[in-house]
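Got your viewer open? Let's take a walk through this chain, one selection at a time.

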Amino acid sequence: MTHKLDAQTLIAGSFESAQKTLQSFLSNSENLIGVTQFAEKMAAALKAGNKIISCGNGGSMCDAMHFAEELTGKFRNERRSLPAIAISDPSHISCTANDFGYDAVFSRYVEGMGADGDILLGLSTSGNSPNIIKAVEAAKQKNMFTVGLLGKSGGQMKDLVDLPIIVPAETSDRIQEIHIKIIHIVIETTEVLLDLA
C-alpha cells in the first residue's frame, strides 16, 4: 500500500511539474508571438510551393518525424498532403556518419535537399547539438528560414536561428512535452491560414 501511495504522489508531482512548465512558457508573451510567426512563415512557404525539413536527435528526432508525418499525412481532418521531410533515413544517417562524422548527418541532407524559401525546423533541448547547429548553418547557405525549438537557455542555437522558441525548463522530457504541443498548434494554425481546416 505504501508503494502505491508513493507512486501516486510521484505521478501527481510529475503532472504538476508539466503544468508549471506549460504555465511558465505561456506567461512569456514572446513565446506566443514566436509560435504565431512559425505558423505564418510555414503557411507562406507552403503557399509558395516550398517544403519543410525537420531534424533532431533521439526523442527530438521522433518529434521531427511526428511533425513531418502530420503534414504529409493528416492532422485532424482530410486535406491535401503538405511537403515535409524529417531527416531520419537510416541509410543516409549511417552513410554520412561513417564517411563524414555524426555532426554532418543533418547538414549533408540539407545541402542536398534544401532550397531557397524552404524552412528548417531544428529541435534541440539544449540548443547545443553540433549536428543541428551545422544543419542550421547549411540552411542559411541555402537561404532557408530556420526555426529552433529549444530548451534551457536556448544554447548556441538561440542566436543562430531566425526564430528561436525556447521552453524554460531544465529536463529534456518537460521541454519535449511543450515542443510537441507547439508542433500540433503550429500545424493546426497553418491549416487555418491555408484554408485547409
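Start by picking Ile 119 in strand S3 and Phe 145 in strand S4: the two are bridge partners. Keep in mind as you click around that this is a predicted model.

Now widen the selection to both strands. S3 and S4 run parallel, paired over 6 bridges. To see how the chain gets from S3 to S4, add helix H6, residues 130–141; the β-α-β crossover through H6 is right-handed.

What pairs with S3 besides S4? Select residues 52–56, which is strand S1: S1 and S3 also pair in the parallel sense, over 5 bridges. If you want one pair to look at, Ser 54 sits opposite Leu 121 of S3.

Stay on S3 and turn on the surface. Is this strand buried or exposed? Buried: 6 of its 6 residues are, so the rest of the structure largely encloses S3. Both faces are covered, with Ile 119, Leu 121 and Leu 123 on one side and Leu 120, Gly 122 and Ser 124 on the other.

Next stop, Gly 114, in the loop between helix H5 (107–113) and S3. Gly 114 has 8% relative accessibility, so it counts as buried, the cut-off being under 20%. Show what surrounds it: beyond its close sequence neighbours (within four places), Gly 114 contacts Lys 51, Ile 53, Tyr 109, Lys 142 and Met 144. Then try the distance tool from Gly 114 to Asp 103: they are 11 residues apart in sequence, and their C-alpha atoms are 18 Å apart.

Now for the greasy part. Select Phe 38, Met 42, Phe 67 and Ile 165, which touch the most other members of the largest nonpolar core, a set of 36 residues. Elements giving two or more residues to this core include helices H2 (29–47), H3 (59–72) and H7 (172–193), along with strand S3. There is also a separate second core of 20 residues, and Cys 55, Met 61, Val 110 and Ala 138 are among them.

Zoom in on Ile 165. Leaving out residues up to four places away in sequence, its contacts include Phe 25, Phe 38, Val 147, Leu 149 and Ile 182.

Finally, zoom out to the whole chain. You should count 7 helices and 5 strands, in the order α-α-β-α-β-α-α-β-α-β-β-α from the N terminus. The C-alpha atoms fill a box of roughly 60 × 45 × 30 Å along the principal axes. The radius of gyration is 17 Å, which agrees with the value near 16 Å for a compact globule of 197 residues. Colour by burial and 45% of the 197 residues come up as buried.

Key: Residues numbered from 1 in each chain as written. Predicted model: local features only at pLDDT ≥ 70, side-chain atom pairs only at ≥ 80, totals over all residues. Heavy atoms only, no water. Core = buried A, V, L, I, M, F, W, Y, C linked by side-chain atoms within 4.5 Å. Buried < 20%, exposed > 50% of the residue type's maximum accessible area, 1.4 Å probe, protein only. Helix = DSSP H or I, 4+ residues; strand = E, 2+ residues; numbered from the N terminus. Contact = heavy atoms within 4.5 Å. Pairing = 2+ DSSP bridges. Right-handed = clockwise from strand over helix to strand, strands pointing away. Rg over C-alpha atoms; globule rule 2.2 N^0.38 Å.
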